[in-house]
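Good morning, and thank you for the time on the agenda. I should like to take you through one structure, beginning with a pair of helices and then turning to individual residues.

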Amino acid sequence: MSGARFVGCSLTGAVLRGVDVDGAEIDAPWLLEGDGTLQVNGVDVAPLVDAELDRRFPGRALRRARDPEGLREAWAALEVAWAAAVSRAEGMQPGTVDISVAGEWSFAQTLRHLVMATDTWLGRAVLDLPDPYHALGQPNDEYALDGHDPAVFHETDPSWERVLQVRAERVAMVRDHLATVTAGDLEVPRNNPWAPAYRESTLSCLRTILEEEWEHLRFATRDLDVLDARGTGT
């Protein structure tokens, strides 16, 4: 199995004994949700991973906020972190924002996906807008397979300036909503946009946006590091 690549599959409960995992890489965005564990040589490393990511990304720990003021602080930290990442990407070789690393979304596509995520969890779930999605949004790969119509996302080749404009609008939409949200608002039940039979609190929807933002910042930063190492971004 040396050099094997597993993508989009479940290895829940898998047991590896007497294995050589030198150089192995695991990216499990849902590892830190709920009571997830990952045992390595008898040690649950999930809390260690979580703590290290909090150290690498100042402000990430604030995503656990449960009250309006905490959420406002969490979003402000995210804005600072993303502004630094955008500045870094723009300071690299022209065209860097459109380069895909190992088949992953480019930096620009990542920002477009976050537009779509905001439209889903704030525009659709919380604000109940009749037409929540911007045409520039980047849907997840399973969007059409899950029975949704991707035709709404018809602005498929926007300029970088256009991406930044729409992204800024969505960032402001979250900021403006958080500026007036109350503790009572956070308890209001909403339909889960992907599973309407299930209910989510407004707080849960807003924290999902925070999780999406931090995870995709991690992905984007990882890929910028790869491009820097290659010399592509200099």
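This is a predicted model, and I begin with two of its helices. Helix α3, residues 107–124, and helix α6, residues 202–230, have axes that come within 10 Å and cross at roughly 175 degrees. An angle over 145 degrees counts as roughly antiparallel, and that makes α3 roughly antiparallel to α6.

Which residues make this contact? From α3 they are Phe107, Thr110, His113, Leu114, Ala117, Thr118, Trp121 and Leu122. From α6 they are Cys205, Leu206, Thr208, Ile209, Glu212, Glu213, His216, Ala220 and Leu224. By character, the residues of the contact between α3 and α6 divide into ten nonpolar, five polar and two charged.

Let me stay with one member of that list, His216, which is placed in helix α6. Is His216 buried or exposed? Its relative accessibility is 10%, so His216 counts as buried. Leaving aside residues up to four places away in sequence, His216 touches Trp82, Trp105, Thr110, His113 and Leu114. Of these, Thr110, His113 and Leu114 also appear on the α3 side of the helix contact.

I turn next to Ser106, in the loop between α2, residues 68–90, and α3. With a relative accessibility of 4%, Ser106 counts as buried. Its side chain reaches the backbone oxygen of Val97 at 3.3 Å. Apart from residues up to four places away in sequence, Ser106 touches Val97, Asp98, Ile99 and Ser100. Val97 therefore enters the description of Ser106 twice, as a residue touched and as the owner of the backbone oxygen that the side chain reaches, with Ser106 itself buried because its relative accessibility is 4%.

Now to the aromatic residues. How many aromatic pairs does the structure hold? There are six, and I shall describe two of them.

In one of them, the ring centres of Phe57 and Trp214 lie 6.4 Å apart and the planes stand at 65 degrees, so this pair is edge-to-face. The pair links distant parts of the chain, with Phe57 in the loop between α1, residues 46–56, and α2, and Trp214 in helix α6, 157 residues apart. Both Phe57 and Trp214 are buried.

Tyr133 and Phe153 form an aromatic pair that is also edge-to-face, at 5.4 Å centre to centre and with 70 degrees between the planes. Tyr133 and Phe153 each lie in the loop between α3 and α4, residues 160–180, so the pair ties together parts that are 20 residues apart in sequence. Tyr133 counts as buried at 16% relative accessibility, and Phe153 counts as buried at 5%. Ring pairs also join Tyr133, Tyr143, Phe153 and Trp194 into a cluster.

The next topic is backbone geometry. Most residues other than glycine have a negative phi. Against that background, which residues deserve a look? Asn41 has a phi near 50 degrees, a positive value in a residue other than glycine. Asn41 lies in the loop between β1, residues 39–40, and β2, residues 43–44, and is exposed, with a relative accessible area of 80%. Asp128, likewise not a glycine, has a positive phi of about 55 degrees. Its place is in the loop between α3 and α4, and Asp128 is exposed, with a relative accessible area of 62%.

The loop between α3 and α4 also holds Asp141. At 62% relative accessibility, Asp141 counts as exposed. How far is the C-alpha atom of Asp141 from that of Asp27? The two are separated by 17 Å, while the residues stand 114 places apart along the chain.

Finally, I come to helix α4, where Leu164 is placed. Leu164 is partly exposed, with a relative accessible area of 26%. Not counting residues up to four places away in sequence, Leu164 touches Val86, Glu90 and Leu111. Leu111 is 53 residues from Leu164 in sequence, and their C-alpha atoms are 8.0 Å apart in space.

To close, I return to the starting point: α3 and α6 are roughly antiparallel, and their contact includes His216, which is buried at 10% relative accessibility. Thank you; I shall be glad to take questions.

Notes: Residues numbered from 1 in each chain as written. Heavy atoms only, no water. Axes fitted to C-alpha atoms, helices over the stretch in contact; angles between N-to-C directions. Helix = DSSP H or I, 4+ residues; strand = E, 2+ residues; numbered from the N terminus. Parallel < 35°, antiparallel > 145°, perpendicular 65-115°, else oblique. Contact = heavy atoms within 4.5 Å. Nonpolar A, V, L, I, M, F, W, Y, C, P; charged D, E, K, R; others polar. Buried < 20%, exposed > 50% of the residue type's maximum accessible area, 1.4 Å probe, protein only. Polar contact = N/O pair within 3.5 Å; in protein donor to acceptor, adjacent residues only side chain to side chain. Phe/Tyr/Trp six-rings, centres within 6.5 Å; stacked < 30°, edge-to-face > 60°.
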